[in-house]
Every structure is written in structure tokens, then in C-alpha cells.
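Here are my notes after a look through this one. They go from the overall picture down to single residues, so keep the viewer open as you read.

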Amino acid sequence: MGILSVVERKLHVMIDSFIPTELAVAPNPLGLAPHLKLTTIPIDAQTCFELWMPATRSTLLPEEAMLLRGDRSRLEEICARLTWFLGARLLRCETETCDSLIYNWREVQRLLHQSGVDFHGLGVSYNPQAIYPDETMRAWTFRPASWQISLLILKSIETGYAVELSPVSLSISLGESVTRYEQSMALTAE
């Protein structure tokens with residue numbers, strides 16, 4: 001009974017949080033990281049994770065580039081969990097490259113390798129759900145919450161490292177966008 005309760009407690013702790021604390025907390029650099037910003041990305045109302053994001057148009061110090069490179073595996077583990085749960089879409093220049101969702105991170109890695117994408121770090125941004133108008137079509141679109149994963153490429157330059165975004169990225173979403181036209185809204189309101 002004692003061993004079973006230990007296993008049950010471990011299982012309960014494992015299932016308690018989709019992103020375990022050891023994955024949720026970003027590494028803490030020893031000194032200041034003036035060209036990086038610590039960002040918190042929500043998963044749900046109780047769950048979030050941290051990551052270091054490069055400030056726009058800045059050159060990274062070698063220590064900052066090393067921090068991004070060293071944190072890649074932790075962020076890939078988080079992305080792997082989201083991919084397994086919700087599915088991911090590969091995008092090239094914001095256009096889907098694959099018709100179906102991918103639920104296996106190793107398959108994502110294989111497709112990236114096959115596309116010749118070599119990256120050094122990950123950037124993640126969260127887009128909350130939104131309802132917005134499309135004036136030209138007289139329609140409203142609902143966009144579900146999503147996470148956009150940018151693949152960061154670090155280029156060595158004289159003063160440190162420049163950060164470039166790969167033309168390939170990933171999108172993980174809580175569903176598909178839905179568009180409704182005002183004409184059909186008027187018909188159902190009567």
C-alpha cells in the first residue's frame with residue numbers, strides 16, 4: 001500500500017500541470033541580459049512558461065546567444081507537449097506548407113531538417129482569441145488562441161550575434177478560424 005500511494009502521488013503530480021515547473025521556468029543568467037527580454041507565455045488560466053526573447057533590432061552579446069542556444073531543448077520540450085496535445089502546422093512565410101496537423105515533435109523536426117532549416121533557438125508568441133471584422137467581405141472572423149513558434153537563427157557578426165527569423169515557423173492553435181457573413185447574421189436574427 002505504501003509503494004502504491006507513492007506511485008499514485010507521483011502520477012497525480014505529473015498530471016497536475018501540463019507544463020511542469022522545471023520546464024516552465026527560464027534559466028536565469030548570472031548577469032544582466034540587456035538585449036533579451038524575459039517573456040511569460042500563457043497556456044491556460046493556471047499554466048504558463050517563461051522564455052528569453054531578443055529585443056527587436058539588437059545585436060546579442062555572446063553570453064546572450066549562448067543562453068538562447070542552451071534553452072532550446074527546454075523550449076522544444078514545451079512545444080512538443082503542445083504539438084502532441086493540439087497539433088502543429090508548418091508555415092513558410094505565413095503560408096501553410098502541410099494540409100494536416102502534425103502531432104509528433106520528431107516529425108516536425110524531420111520536416112524542418114528535410115526543408116534545410118537549421119536554427120539555434122526558439123521564440124514563442126501567444127495570440128489570444130479574437131473576434132474581428134473584415135470590412136471588405138462584410139464579415140466577422142473568430143480566431144482561436146494560438147502560439148506562433150519562430151525559429152531563431154544566430155549569425156556571428158563583429159559585435160556579437162545578429163538574430164534572424166527563419167522563413168519557416170510553426171503555428172499551434174486551439175482550433176480553426178471561423179468567418180460569418182453579416183448577411184447570414186441578419187437572416188438568423190429575424
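1. Start with the contacts. Counting pairs of residues at least 6 apart in sequence, 61% of the contacts in the protein join residues at least 24 apart. Keep in mind throughout that this is a predicted model.

2. For the general make-up, the protein has 5 helices and 10 strands. It runs to 190 residues, and 35% of them count as buried. The exposed surface comes to about 12400 Å², with carbon and sulfur atoms supplying 57% of that area.

3. What about disulfides? A search through the whole structure turns up 0 of them. Two cysteines are still worth a look. Cys-79 is buried, at a relative accessible area of 1%, whereas Cys-48 is partly exposed, at 36%.

4. Next, the hairpin of β6 and β7. Strand β6 covers residues 130–134 and strand β7 covers residues 139–143; the two pair in the antiparallel sense over 5 bridges. If you want a landmark across the pairing, Pro-133 stands opposite Trp-140 in β7. There are 4 residues between the strands, and in this hairpin Arg-138 takes a positive phi near 50°.

5. How many aromatic pairs are there? The search of the whole structure finds 3. One of these aromatic pairs is formed by Tyr-126 and Trp-147, with 5.7 Å centre to centre and 50° between the planes, which makes it tilted. Tyr-126 belongs to strand β5 (residues 121–127) and Trp-147 to strand β8 (residues 146–157), so this pair ties together parts that are 21 residues apart in sequence. The two partners have their own surroundings: Trp-147 counts as buried at 1% relative accessibility, while Tyr-126 is partly exposed, with a relative accessible area of 29%.

6. Staying with rings, Phe-18, Trp-84 and Phe-85 are linked into a cluster by ring pairs. Elsewhere, look at Arg-72: its charged end sits over the ring of Phe-119, 3.8 Å from the ring centre.

7. Where does Leu-60 lie, in a helix, a strand or a loop? Leu-60 is in the loop between β2 (48–54) and α3 (62–86). Is Leu-60 buried or exposed? Its relative accessibility is 0%, so Leu-60 counts as buried, the cut-off being under 20%.

8. The contacts of Leu-60 show what surrounds this loop residue. Leaving out neighbours within four places in sequence, Leu-60 is in contact with His-35, Leu-36, Pro-54, Ala-65 and Leu-68, and also with Leu-154, Thr-159, Gly-160, Tyr-161 and Val-163. Take Thr-159 from that list: Leu-60 and Thr-159 are 99 residues apart along the chain, yet their C-alpha atoms are separated by 8.2 Å.

9. Last, Ser-169, which is found in strand β9 (residues 160–173). Its relative accessible area is 17%, so Ser-169 is buried under the 20% cut-off. Not counting residues up to four places away in sequence, Ser-169 touches Arg-89, Leu-90, Leu-91 and Ile-149.

Technical notes:
Residues are numbered from 1 along each chain as its sequence is written. This is a predicted model: local features need pLDDT of at least 70, side-chain atom pairs count only at pLDDT 80 or more; totals for chains, interfaces and linings use all residues. Side-chain values use heavy atoms; hydrogens and water are left out. Buried means under 20% relative accessible area, exposed over 50%, partly exposed in between (1.4 Å probe, protein chains only). Contact means heavy atoms within 4.5 Å. Accessible areas come from the Shrake-Rupley method with a 1.4 Å probe; for residues, only the protein chains shown count as cover. A disulfide is a pair of cysteine sulfur atoms within 2.5 Å. Two strands pair if DSSP finds at least two bridges between them. Rings of Phe, Tyr and Trp (its six-membered ring) pair if their centres lie within 6.5 Å; planes under 30 degrees apart count as stacked, over 60 as edge-to-face and the rest as tilted. A charge sits over a ring if NZ of Lys or CZ of Arg is within 6 Å of the ring centre and within 35 degrees of the ring normal.
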